[in-house]
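I opened my notebook to look around one protein model, a bit at a time. Here is what I looked up, in the order I went.

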Amino acid sequence: MTGRTLRLRRLRRLTPGREDGGARTGRRRGATPKVVALGGGQGLSASLTALRRITGDLTAVVTVADDGGSSGRLREELGVLPPGDLRKALAALCGDDDWGQTWARVIQHRFQSAGDLHEHAVGNLLIVALWEQLGDPVQALDLVGKLLGAQGRVLPMSAVPLELQALVKGHDPARPEDVDTVRGQATVALTPGEVLSVQVVPSDPPAVPEAVAAVLDADWVVLGPGSWFSSVIPHLLVPELLDALMATKARRVLSLNLAPQPGETEGFSPQRHLEVLARHAPKLALDVVLADEAAVPDRESLADAAKRFGAAVELAPVARQDGSPKHDPELLAAAYDRIFRMHGRIGPWR
């Protein structure tokens, strides 16, 4: 038995509301489903903004490989986890009342100056200050969430900052058939050429125990949408987190992007996103693949790709009506709610 398996079993025993390795106990009739959303950046924010409308028990597990902008500067100078995607997740969990929206704007505010504060986000500085004060990233994020009145919890996926590395074919246009290693999330996200695979350094990073426990105790786990190679797949590269995703009794839904991302997924079809996901986590099972109905030109090919994961495909209008490649929070919430009701096991929240 491996050390990872032993740690996973210990976490399962310690997970609240579970006995005998998976049966939920002590759940109130009428309670909302426990949902864990994994990702980073704007994609995760879109998912959280939708999910907080339909559940009161929501946890975000966020990538920690960002090395650009304000996050990259703080990470390099102070050796901390990059706070930017964590900040965005907290902002997305802020309520729609005056308090929530005011704090969401405050933590997203960026200074504009000719000095060192230029482009630093207020929320990044607040999060890092509390990390230094408390010495515990999870406790600090919980405290920020309490201050904001966040409608859910935000956790980093790993306890250490990670470096993203990608194998890219044709990164140099002068050598279109050569494969190069591209380093750094900010660089990978905009790289020319075809991204073949990604990995993280260190290759066996420690997962945050609270994140693993949340996945094990969830009713639903939502992966995506977001930058595929730099925000979605990295969760599958943290061994303990991947083990939890495969061991959990939760149902798993993969939410696809509305359009390919310039750079890392240029020209990708919806089914191509599933194919590269399978290369990085070939043993991962899914229950539902959610896609915008207008973004799937070949429904049969997407259904075939989803079958590899054991998943059904759900098509729904989830894009904004203004033509931008962004999710509409109300439409996405409606799609998630329907999936939870139609594909979930009969739960005490229904």
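**A covered strand**

I began with strand E11, residues 288-292, and found it mostly covered, with five of its five residues buried. A reminder to myself: this is a predicted model.

Next I asked which residues sit on each side of E11. On one side I noted Val 288, Leu 290 and Asp 292, and on the other Val 289 and Ala 291; both faces are covered.

**Its two neighbours**

I then looked at what E11 pairs with. Strand E10 (residues 251-255) runs parallel to E11, and three bridges join them. In this pairing, Val 253 stands opposite Val 288. To get from E10 to E11, the chain passes through helix H12 (residues 270-280), and this β-α-β crossover is right-handed.

With strand E12 (residues 312-316), I found that E11 shares five bridges, again running parallel. Here Val 289 of E11 faces Val 313 of E12. Helix H13 (residues 299-307) completes a right-handed β-α-β unit with E11 and E12.

**The whole sheet**

I stepped back to see where these strands belong. They are part of an open sheet of seven strands with parallel pairing, in the order E5-E4-E3-E9-E10-E11-E12. Which strands stand at the edges? I found E5 (153-156) and E12 there; each has a single partner strand, so one side of each has no neighbour in the sheet. On average, neighbouring strands are turned by 20 degrees against each other, direction ignored.

At the E5 end, I checked the pairing with strand E4 (residues 57-62): four bridges, in the parallel sense. Thr 59 stands opposite Arg 153 of E5 there.

**An enclosed helix**

I moved on to helix H9, residues 209-217. Seven of its nine residues are buried, so the rest of the structure largely encloses this helix. I listed the buried ones: Ala 211, Val 212, Ala 213, Ala 214, Val 215, Leu 216 and Asp 217.

**One serine**

My last stop was Ser 70, in helix H3 (residues 69-78). Is Ser 70 buried or exposed? Its relative accessibility is 3%, and the cut-off for buried is under 20%, so Ser 70 counts as buried.

What does Ser 70 touch, leaving out residues up to four places away in sequence? I wrote down Arg 110, Glu 119, His 120, Ala 121 and Asn 124. With Asn 124 there is also a polar contact of 3.0 Å between the two side chains.

Conventions. Residues numbered from 1 in each chain as written. Predicted model: local features only at pLDDT ≥ 70, side-chain atom pairs only at ≥ 80, totals over all residues. Heavy atoms only, no water. Helix = DSSP H or I, 4+ residues; strand = E, 2+ residues; numbered from the N terminus. Buried < 20%, exposed > 50% of the residue type's maximum accessible area, 1.4 Å probe, protein only. Polar contact = N/O pair within 3.5 Å; in protein donor to acceptor, adjacent residues only side chain to side chain. Contact = heavy atoms within 4.5 Å. Pairing = 2+ DSSP bridges. Right-handed = clockwise from strand over helix to strand, strands pointing away. Axes fitted to C-alpha atoms, helices over the stretch in contact; angles between N-to-C directions.
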